[in-house]
Amino acid sequence: FDVIDDLSTKPAEDRGDGVLISCNTIKKAQSIALSLQKKYKSSEWRVQLITSTIRPYTREAEHYFDGNTITVATQTIEVGVDINCCSLITEMAGLSALIQRVGRLNRNGKISDAQGFIVGKVKYDEIFKEKIFAPDAAEILIYDKDALDEAWRALHNCADDLGVIRKMPDISEYPAAWPPMARTVPLKPYMKAMTMTQPSVDFPW
């Protein structure tokens, strides 16, 4: 929340389309959105949630972006949503997904102090004597484990001593960052939800 609090001192017209928080699962996005709604209930900030469980019609009718917007979203934000946020906070993901998310940060190139943060659990590898990414079960279900490891290495190689990345890595230089095949999950447990008018929150993606 410190990032958002710092932005509160900046005029709304200089904040582009506000803040984007990109999550890997619906449950995480819902939890974060609820916390933000409680914290900023009486402030200028307006929190909106965008996930695959929200119908396109509802999304078009109720969602909009301005300098007072905090958008909490899942992978839905990576395709078909053209926004220009001044700050991005994203969970660690596959390299191609991260590049899509970062593409929503300072999209028009006019926000001089735009900044993005990639967060994720890390652990110390006793064999290689370095910190490595430690994805949870949901992240491994959505993104291939090898692809996540390669994405971590790519980001680590591009970061300076303070962990700052000035330019996203060229994905063509890290072929293992692409899963060898499409990620799939069994459809039977979700078949009933998939035929609902309002999709269920039980989807993992």
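Of the 205 residues in this protein, 40% count as buried. The model you have open is a predicted one, so treat this tour as a walk through a prediction.

**Stop 1: the whole chain.** Colour the model by secondary structure. You should find 7 helices and 7 strands. Following the chain along its sequence, the order reads α-β-α-β-α-β-β-α-β-β-β-α-α-α. Now turn on contacts: among those between residues at least 6 apart in sequence, 63% join residues at least 24 apart.

**Stop 2: D17.** Select D17 next. Where does D17 sit? Its place is in the loop between α1 (2–7) and β1 (19–22).

Is D17 buried or exposed? With a relative accessible area of 19%, D17 is buried, because the cut-off for that word is under 20%.

**Stop 3: the company D17 keeps.** Keep D17 selected and show its surroundings. Leaving aside residues up to four places away in sequence, D17 touches F65, D66, T69, I83, N84 and C85. Zoom in on N84, one of these neighbours: the side chain of D17 reaches the backbone nitrogen of N84 at 2.7 Å.

Which side chain of opposite charge is nearest to D17? Select R107 to see it, 8.1 Å away. Although D17 is buried, it has no salt bridge. A salt bridge would need a side-chain nitrogen of Lys or Arg within 4 Å of a carboxyl oxygen of Asp or Glu.

Before leaving, add I70 to your selection. D17 and I70 are 53 residues apart in sequence, yet their C-alpha atoms are 8.5 Å apart in space.

**Stop 4: the largest pocket.** Switch on a surface and look for the largest pocket, which has a volume of about 800 Å³. How many residues line the largest pocket? There are 26 of them, and G116, I118, G163, V164 and I165 lie nearest its centre, so select those five to find the middle.

Finally, colour three elements: β4 (87–91), β5 (115–119) and α6 (145–158). Each of them supplies at least two residues of the pocket's lining. Which element gives the largest share of that lining? The answer is β5, with 5 residues.

Note on methods: Residues are numbered from 1 along each chain as its sequence is written. This is a predicted model: local features need pLDDT of at least 70, side-chain atom pairs count only at pLDDT 80 or more; totals for chains, interfaces and linings use all residues. Side-chain values use heavy atoms; hydrogens and water are left out. Helices (H or I, at least four residues) and strands (E, at least two) are DSSP runs, numbered from the N terminus. Buried means under 20% relative accessible area, exposed over 50%, partly exposed in between (1.4 Å probe, protein chains only). Lys and Arg count as positive and Asp and Glu as negative; His and the chain ends are not counted. A polar contact is a pair of N or O atoms within 3.5 Å; within protein, one must be able to donate a hydrogen and the other to accept it, and residues adjacent in sequence count only if both atoms are side-chain atoms. Contact means heavy atoms within 4.5 Å. On a 1 Å grid over the protein atoms alone, a cavity is a set of points where a 1.4 Å probe fits but cannot get out, and a pocket is an open set with protein on both sides within 12 Å along at least five of seven lines; lining residues have an atom within 4 Å of a point. Grid points are joined across faces, edges and corners, and a volume is the space filled by probe spheres set on the points.
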